[in-house]
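Biologist: Got a minute to go through this one with me? I'd like to jump around a bit.

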Amino acid sequence: MICVEGDPATHVFVLVEGLAKIMSATADGHELTLALRGNGDLVGELAGETTGHRNATMRAIGTVRALIVPYDEFSSFLDAHPGAGKAYRHVVARRWNDADSKLRSHPVTNGAHRLAVVLLDLATRYGSMAGQEVHIAVPLSQEELASLAGASRATVTRALSNWRRRGIIRTGQRDLTITALDDLRKIAGHQT
């Protein structure tokens with residue numbers, strides 16, 4: 001654990017190397033995976049502005065190196081450096097826009113569609129090309145993929161099984177390779 005939901009938000013993290021899951025617990029104790037953050041991402045910056053307490057838990061996936069900046073120093077730095085403040089606002093606006101788009105897509109898309117979008121995003125951010133295939137080097141369970149896609153685990157299991165059968169993906173234990181990128185793009189509603 002790098003930080004825990006509910007703890008005081010005294011600093012922000014700049015992820016220098018590695019990958020972390022951003023998670024939250026529901027009222028009934030289920031753990032949701034909200035996002036992944038990696039190299040260059042800023043984490044924990046909003047809690048200092050809002051509640052003063054962490055609104056999510058951050059757990060490392062493997063080795064993570066992070067710059068830890070006290071929140072007051074981070075805020076002072078942004079005030080003193082307009083370029084950094086502008087970049088920060090851009091990051092926050094992009095995250096809010098991504099969250100808004102995700103919420104708006106739920107009523108008009110199905111879980112398989114949203115899973116395809118998640119896999120394409122993971123491929124873009126963390127994938128490595130090998131010929132026409134993209135290997136996604138992020139060890140996520142089906143439950144975590146379901147949480148990221150806003151779908152049930154059963155929907156994710158069915159979609160992955162269907163796509164394996166059709167030759168669109170290849171899976172192993174917490175390992176996924178997209179073997180037919182254009183087909184997955186079509187499922188996600190992206191133009192090829």
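Biologist: Let's start with pairing. Which residue in strand 8 is the bridge partner of Val134?

Modeller: That is Ile178. Keep in mind that this is a predicted model.

Biologist: Noted. How many bridges join strand 6 to strand 8?

Modeller: There are 3 bridges, and the two strands run antiparallel.

Biologist: And strand 7 with strand 8, in what sense do they pair?

Modeller: Antiparallel, over 4 bridges. Arg170 stands opposite Thr177 of strand 8 there.

Biologist: How many residues sit between strand 7 and strand 8 in the hairpin?

Modeller: The turn has 2 residues between the strands. Arg174 is in that loop. Its phi is positive, about 50 degrees, and Arg174 is not a glycine.

Biologist: Is Arg174 buried, partly exposed or exposed?

Modeller: Partly exposed, because its relative accessible area is 42%, and that class runs between 20% and 50%.

Biologist: Switching to packing. Which residues touch the most other members in the largest nonpolar core?

Modeller: Leu36, Leu115, Leu119, Leu122, Leu145, Leu160 and Trp163. The core holds 32 residues.

Biologist: Which elements give two or more residues to this core?

Modeller: Helix 4 (111-126), helix 5 (142-149), helix 6 (153-165) and helix 7 (181-188) on the helical side. Strand 6 (133-136) and strand 8 (175-178) do too. Helix 4 supplies the largest share, with 8 residues.

Biologist: What does Trp163 touch, beyond residues up to four places away in sequence?

Modeller: Ala112, Leu115, Ala116 and Leu119 are among them. So are Ile168, Ile169, Leu184 and Ile187.

Biologist: What other core lies apart from the largest one?

Modeller: One of 9 residues. Its members include Phe13, Leu15, Val43 and Ala56.

Biologist: Back to the helices. How many residues of helix 5 are buried?

Modeller: 6 of its 8 residues, which makes helix 5 mostly covered. The buried ones are Glu144, Leu145, Ala146, Ser147, Leu148 and Ala149. Just after the helix, Gly150 takes a positive phi of about 65 degrees.

Biologist: What about Thr155, buried or exposed?

Modeller: Buried, because its relative accessibility is 18% and the cut-off is under 20%. Thr155 lies in helix 6.

Biologist: Which residues is Thr155 in contact with, leaving aside its neighbours within four places in sequence?

Modeller: Gly111 and Ala112. Ala112 is also among the residues that Trp163 touches.

Biologist: Pockets next. How much space lies in the largest pocket?

Modeller: About 1,600 Å³. Its lining has 44 residues. Those that lie nearest the centre are Leu34, Ala35, Arg37, Asp98 and Ala99.

Biologist: Which element provides the largest share of that lining?

Modeller: Helix 3, with 10 residues. Other elements that give two or more include strand 2 (31-37), helix 1 (45-49) and strand 4 (57-70). Helix 4 and helix 5 also do.

Biologist: How does the lining of the largest pocket divide by class?

Modeller: 22 nonpolar, 11 polar and 11 charged residues.

Biologist: Since helix 3 came up, what about Trp96? Buried or exposed?

Modeller: Trp96 is in helix 3. It counts as exposed because its relative accessible area is 57% and the cut-off is over 50%.

Biologist: What separates the C-alpha atoms of Trp96 and Leu34?

Modeller: 13 Å, with their positions 62 residues apart along the chain as the spacing.

Biologist: Last topic. What volume does the second largest pocket have?

Modeller: About 250 Å³. The lining has 17 residues. Leu140, Leu145, Gly172, Arg174 and Asp175 lie nearest its centre. So the turn residue Arg174 comes back here, partly exposed at 42%.

Biologist: Which element gives the most to the lining of the second largest pocket?

Modeller: Helix 6, with 3 residues. Helix 4, helix 5, strand 7 (169-172) and strand 8 also supply at least two each.

Biologist: And the classes in the lining of the second largest pocket?

Modeller: 8 nonpolar, 5 polar and 4 charged.

Notes:
Residues numbered from 1 in each chain as written. Predicted model: local features only at pLDDT ≥ 70, side-chain atom pairs only at ≥ 80, totals over all residues. Heavy atoms only, no water. Core = buried A, V, L, I, M, F, W, Y, C linked by side-chain atoms within 4.5 Å. Buried < 20%, exposed > 50% of the residue type's maximum accessible area, 1.4 Å probe, protein only. Contact = heavy atoms within 4.5 Å. 1 Å grid on protein atoms, 1.4 Å probe; cavity = no way out; pocket = protein on both sides within 12 Å on 5 of 7 lines; lining within 4 Å. Points joined across faces, edges and corners; volume = space filled by probe spheres on them. Nonpolar A, V, L, I, M, F, W, Y, C, P; charged D, E, K, R; others polar. Pairing = 2+ DSSP bridges.
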